[in-house]
Amino acid sequence: MILILNIAVLPADGETKMSMAFTTDAARYVALALDLAKWPRVLSTVTSTVTLNELVRLAEKNLGYTMTVRYQSVEKLLRHEPLADLLGNVDIATAFPNRFPGGLDQVRALVADLEAGVALGAYDLSGLIDKEQGCLDLVRAFEGLEGVPPPRRIEEFMEEAWGRRGSTM
């Protein structure tokens, strides 16, 4: 999702789900898993899974205004033809010329590939827990364990990050 001047640019139709976890939650669950007697083949630390359209609605709720939503096709993303640049892309390309010798075009291509991956379902891990034999959902496994705080969900994170903005507008 790209936010520019109250415009959200989403890949495909925005209905693809994206799984996420706050990094400190993921680290906490992995640290707790170190004490498990046996590790299954796959471990999961997903704390939230939402569609990109739901993510926009959360942003709108916390920012206090409605955004214009534009959609871009996966085909255009795969051709590295994004509708818009992230606000910091120009700065990133300029600040890290050794990392991005192709400049802004290379940064655009990277972001377009990531967005295409989201649209194609690469970041939706919600089915992994149910389908993958031997997958252990660490969030559920350690839920309610004494001394382990509950994970931060995307709703809480966005309220913390942007909620104050919405209350002043």
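This is a short talk about one protein chain, its overall build, its cores, its surface and a few of its residues.

Okay, hi everyone. Before anything else, please keep in mind that we're looking at a predicted model. Let's start with the overall picture. The protein chain has 169 residues, and 36% of them are buried. Counting up the secondary structure, we get eight helices and seven strands. If you draw a box around the C-alpha atoms along the principal axes, it comes out at roughly 50 × 40 × 30 Å.

Now, the inside. Here's some background: in soluble globular proteins, nonpolar side chains tend to be buried together. In our model, the largest nonpolar core has 13 residues. Which residues have the most contacts inside it? Those are L55, I154 and M158. As for where the core comes from, β2 (7-11), α2 (52-63) and α8 (154-168) each put in at least two residues. The top contributor is α2, which gives six residues. Then, apart from that core, there's another one, made of six residues, including A33, L138, V139 and F142.

Let's move to the surface. There's a negative patch there, and its members are D13, E15, E54, E155, E156 and E159. Which helix gives the most to it? That's α8, with three residues. So keep α8 in mind, because you've now met it twice: it supplies at least two residues of the largest core, and it gives the most to the negative patch. One more member worth pointing at is D13, which sits in the loop between β2 and β3 (17-20). D13 counts as partly exposed, because its relative accessibility is 45%.

There's also a nonpolar patch out on the surface, formed by V30, L34 and W39. Together those residues have about 300 Å² of accessible area. If you want to find W39, look in the loop between α1 (23-33) and β4 (42-44). Is W39 buried, exposed or partly exposed? It has 40% relative accessibility, so W39 counts as partly exposed.

Next up, charges in pairs. In general, side chains of opposite charge can pair when their charged atoms come close. Searching the whole structure turns up five salt bridges, and I'll walk you through some of them.

Take R28 and D25: their side chains meet in a salt bridge, at 2.7 Å from N to O. Why are they about one helical turn apart? Because R28 and D25 are three residues apart in helix α1. Now look at how covered each partner is. D25 is buried, since its relative accessible area is 2%, while R28, at 24% relative accessibility, counts as partly exposed.

Another pair is D105 and R108, with a salt bridge of 3.4 Å, N to O. They are three residues apart in helix α5 (residues 103-119), so about one helical turn separates D105 from R108. D105 has 55% relative accessibility and therefore counts as exposed. R108 is partly exposed, with a relative accessible area of 27%.

And then there's E81 with R79, whose side chains form a salt bridge at 3.3 Å, N to O. E81 counts as partly exposed, as its relative accessibility is 37%.

While we're on acidic residues, have a look at D91 in helix α4 (residues 89-95). D91 is exposed, because its relative accessible area is 54%. Its C-alpha atom is 8.9 Å from the one of L104, and those two residues are 13 residues apart along the chain.

Last topic: backbone angles. Most residues other than glycine have a negative phi. So which way do A12 and H80 go? A12 isn't a glycine, yet its phi is positive, about 60 degrees. You'll find A12 in the loop between β2 and β3, and it is partly exposed, with a relative accessible area of 23%. H80 also isn't a glycine, and its phi is positive too, at about 60 degrees. H80 is in the loop between α3 (74-78) and α4. With a relative accessible area of 34%, H80 is partly exposed.

That's it from me, thanks for listening!

Terms used:
Residues are numbered from 1 along each chain as its sequence is written. This is a predicted model: local features need pLDDT of at least 70, side-chain atom pairs count only at pLDDT 80 or more; totals for chains, interfaces and linings use all residues. Side-chain values use heavy atoms; hydrogens and water are left out. A nonpolar core is a set of buried Ala, Val, Leu, Ile, Met, Phe, Trp, Tyr and Cys residues joined through side-chain atoms within 4.5 Å. Buried means under 20% relative accessible area, exposed over 50%, partly exposed in between (1.4 Å probe, protein chains only). Helices (H or I, at least four residues) and strands (E, at least two) are DSSP runs, numbered from the N terminus. Patches are made of residues with over 30% relative accessible area and no salt bridge: like charges are joined within 9 Å, nonpolar side chains (Val, Leu, Ile, Met, Phe, Trp, Tyr) within 5 Å. Accessible areas come from the Shrake-Rupley method with a 1.4 Å probe; for residues, only the protein chains shown count as cover. A salt bridge is a side-chain nitrogen of Lys or Arg within 4 Å of a carboxyl oxygen of Asp or Glu. Lys and Arg count as positive and Asp and Glu as negative; His and the chain ends are not counted. The place of a charge is taken as NZ of Lys, CZ of Arg, CG of Asp or CD of Glu.
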